[in-house]
Amino acid sequence: MTTQNSAVEADRALKSKHRAMWAQGDYPSLAAEVIPELGAILVEACGVRPGRRVLDVGAGSGNAAIPAALAGADVVASDLTPELFEAGRAAAEKQGAHLTWQEADAEALPFGDAEFDTVLSCVGVMFAPHHQEAAGELVRVCRPGGTIGLLSWTPQGFIGRMFAVMKPYAPPPPPGAEPPPLWGDEDHVRALLGDRVTDVRAERRTVRVERFETPEAFRDYFKERYGPTISVYKNLAGDPERTAALDGALVDLARDGDLGTGSGATVLEWEYLLLTARRAG
């Protein structure tokens, strides 16, 4: 019983840490300014239409949930970090979208079995630390024949490489936690979902990012707004040498990824995996 209680407490502490990580900075502005189109791409790939009941897991400020609602679906936007909902509600109201916002852990969703026609996540569920548990919940709450849709950064793409750059400067992950970009590996996701799904379709795509004038501007933007990056820098507090090293590594990453179009901006292409499947049964 003591061991079980200890595991529960450890998981609670981990989730609290994750919630705090995403509450810092300003992820809603990043999603809106840098990758606004990704949610709509996922919604279209899932074939969301009027009358469908849709769950967005790791919805953040509604990058996918709002387009799903605008498509006429009955949408629940769920996230471990409800601090993100305020910006989402404001964006939804501005666009005339009506949906429900609910705090929820992707690894223990507070919904019934087979409750939704479509379960989707746009660069959201990939950050749940225990991949198999999260995948099991995605399947559980989707009705047989329903659609599961995922859009995730790939390990080889720009954001996957950014996490690799930050890893040496971050504290070691807790036991059992898996790297988020693995959700961008088709074989990994197929293994997670297993024979509980059919009709898997997966495609690697890229989103073009021209938001940053210089590599330094990219680094500073992520230092100010992106929770995972902010957390890594906090881990380096009081160590100016390692902080400077990470500063340089992030600038090098953006400089290496710059397509060099001569447009006067740093032009990047960020790769993601778009995967859809049907729940079997």
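In the predicted model, helix H1 contributes five residues to the lining of the largest pocket, the largest share of that lining. Helix H1 spans residues 2-23, and together with helix H7 (158-166) and H10 it belongs to the helices that each supply at least two lining residues. The space within this pocket amounts to about 890 Å³. Its wall is formed by 29 residues, and those nearest the centre are Phe 163, Ala 170, Pro 171, Pro 173 and Pro 180. By residue class, the lining of the largest pocket comprises 21 nonpolar, five polar and three charged residues.

Helix H10, one of the contributors to the pocket lining, covers residues 227-235 and contains Thr 229. Thr 229 has a relative accessibility of 0% and therefore counts as buried. Leaving aside residues up to four places away in sequence, the contacts of Thr 229 are with Met 162, Met 166, Phe 222, Lys 223 and Leu 250.

Enclosed space was examined next. A search of the whole structure identifies two cavities of 30 Å³ or more. The largest cavity holds about 340 Å³ of space. It is lined by 27 residues, with Trp 22, Gly 58, Asp 79, Gly 124 and Phe 127 lying closest to its centre. Two or more lining residues come from each of H1 and helix H2 (27-34), and the largest share, three residues, is supplied by H1. Helix H1 thus provides the largest share of the lining in the largest pocket and also in the largest cavity. The residues around the largest cavity divide into 15 nonpolar, seven polar and five charged.

The second largest cavity has a volume of about 60 Å³. Its lining consists of Tyr 27, Leu 30, Ile 35, Val 123, Phe 127, Trp 153, Ile 159, Phe 222, Tyr 226 and Trp 270. These ten residues are nonpolar, and the lining of the second largest cavity includes no polar and no charged residues. Phe 127 appears in this lining and is also among the residues closest to the centre of the largest cavity. Phe 222, another residue lining the second largest cavity, is in contact with the buried Thr 229.

How values were computed. Residues are numbered from 1 along each chain as its sequence is written. This is a predicted model: local features need pLDDT of at least 70, side-chain atom pairs count only at pLDDT 80 or more; totals for chains, interfaces and linings use all residues. Side-chain values use heavy atoms; hydrogens and water are left out. Helices (H or I, at least four residues) and strands (E, at least two) are DSSP runs, numbered from the N terminus. Buried means under 20% relative accessible area, exposed over 50%, partly exposed in between (1.4 Å probe, protein chains only). Contact means heavy atoms within 4.5 Å. On a 1 Å grid over the protein atoms alone, a cavity is a set of points where a 1.4 Å probe fits but cannot get out, and a pocket is an open set with protein on both sides within 12 Å along at least five of seven lines; lining residues have an atom within 4 Å of a point. Grid points are joined across faces, edges and corners, and a volume is the space filled by probe spheres set on the points. Ala, Val, Leu, Ile, Met, Phe, Trp, Tyr, Cys and Pro count as nonpolar, Asp, Glu, Lys and Arg as charged, and the others, Gly among them, as polar.
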